[in-house]
Amino acid sequence: MPTTLIEPAELARHLGDPDWAIVDCRFDLARPGWGAQAFAASHIPHALYAHLDEDLSAPRTARSGRHPLPQVEVLAATFGRWGIDERVAVVAYDQGSGAFAARLWWLLRWLGHLEVAVLNGGLAAWERAGLPLSTAIEPRAPRRFTARPDARLLAGGSEVAAAVRSGAFVRSEQLLVDARSADRFAGENETIDPVAGHIPGARNHPFTANLDAQGRFLEAGHLRRSWENTLRGALPQQLIAMCGSGVTACHNLLALEVAGLGGARLYAGSWSEWITDPAHPIARGPGEPPRERREIGG
């Protein structure tokens, strides 16, 4: 079982295997109900549906980001309800890029389940290959999922704030890499979060840079060269991945694993959590000095 990416033809050989679970993670931030509707219309045979807000995130609070991590016991119960235990290989897919499927990939790894892969190119690649679709809803028999959460995969907001205060990101003692698009990172064209900009000292590596024109991951050597340019000599273990809400940051973590550069951590709250504290500084532009919140009316 691959533990990063899987190709459509390989997944097709395991359709109906009780020890393989397929999870459809299609989602649209602007239309939260779209993914479930698309799943009902057609999906990979035997797949289950995972809703980003309802299944792969905890309820949002006033001091959290938009997609807080689920409580361990709640997430473990969800996986068990989906018929996943230590004997089950999991394949996650979404509409194409893997942006949402990578969230499920990371969550399973966080809870100690390593036999999980993302379908390279998602449903779009499956359809291009002429492989079958289904409208049938086929629940799996529940199993007992045992969670073994690995705290080493996480970086908390307090750690990020301390690194900003100490200048660790500026001195490259640690790296904070933001997966959002370049314009949102720079504080331009922000349509999702109420405050625009980025955390001071962060570097930008949009998750879309991991993909080719068809939404498939670039080959491992290409990804490694691209990420080494972002790392600039630092070790991947020094890297903290973030984005708007801890979703597409997982795409960057997956790309690093494909490139053979594992060991980075996730700041799950990301930008949408950072801006809930008015004392936190922000920066704008590709590399401008930090600005106080009052300068942007935030």
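User: Asn189 lies in the loop between helix H7 (182-185) and strand E7 (203-204). Is Asn189 buried, partly exposed or exposed, and how do you know?

Analyst: Quick heads-up: this is a predicted model, where local features need pLDDT of at least 70 and side-chain atom pairs count only at pLDDT 80 or more, while totals for chains, interfaces and linings use all residues. Residues are numbered from 1 along each chain as its sequence is written, and side-chain values use heavy atoms, with hydrogens and water left out. Now the rule: buried means under 20% relative accessible area, exposed means over 50%, and partly exposed is in between (1.4 Å probe, protein chains only). Asn189 has 56%, so it counts as exposed.

User: And what makes His46 partly exposed?

Analyst: His46 has a relative accessible area of 31%, which falls between the two limits, so partly exposed is the right label. You'll find His46 in the loop between helix H2 (34-41) and strand E3 (48-49).

User: What is the phi of His46, and of Asn189?

Analyst: For His46, phi is near 75°, a positive value in a residue other than glycine. Asn189 has a positive phi too, near 55°, and isn't a glycine either. Most residues other than glycine have a negative phi.

User: How do you know what counts as a strand or a helix?

Analyst: Both are DSSP runs, numbered from the N terminus: helices (H or I) need at least four residues, strands (E) at least two. E4 covers residues 89-93, so it passes as a strand.

User: Why is E4 called largely enclosed?

Analyst: Five of the five residues of E4 are buried, so the rest of the structure largely encloses this strand. Ala89, Val91 and Tyr93 are buried on one side, and Val90 and Ala92 on the other, which leaves both faces covered.

User: What makes E4 and E5 a strand pair?

Analyst: Two strands pair if DSSP finds at least two bridges between them. E4 and E5 (residues 116-119) run parallel and share three bridges, so they pass. Val91 is set opposite Ala117 of E5. Between these strands the chain goes through helix H4 (residues 101-110), making a right-handed β-α-β crossover. Right-handed means that, with the strands pointing away from the viewer, the path from the first strand over the helix to the second runs clockwise.

User: How many bridges join E2 to E4, and E1 to E5?

Analyst: Strand E2 (residues 20-24) has five bridges to E4, in parallel, and Trp20 is partnered there with Ala89. E1 (residues 5-6) has two bridges to E5, also in parallel, with Ile6 opposite Leu119. Two is enough for the rule, so E1 and E5 pair as well.

User: Why are Phe39 and Tyr49 called a tilted aromatic pair?

Analyst: Rings of Phe, Tyr and Trp (its six-membered ring) pair if their centres lie within 6.5 Å; planes under 30 degrees apart are stacked, over 60 edge-to-face, and the rest tilted. By this rule there are five aromatic pairs. Phe39 and Tyr49 have 5.6 Å centre to centre and 35° between the planes, so they pair, and the pair is tilted. Phe39 in H2 and Tyr49 in E3 are 10 residues apart, and their pair links distant parts of the chain. Both rings belong to buried residues.

User: Which residues do ring pairs link into a cluster?

Analyst: That would be Phe79, Trp82 and Phe145.
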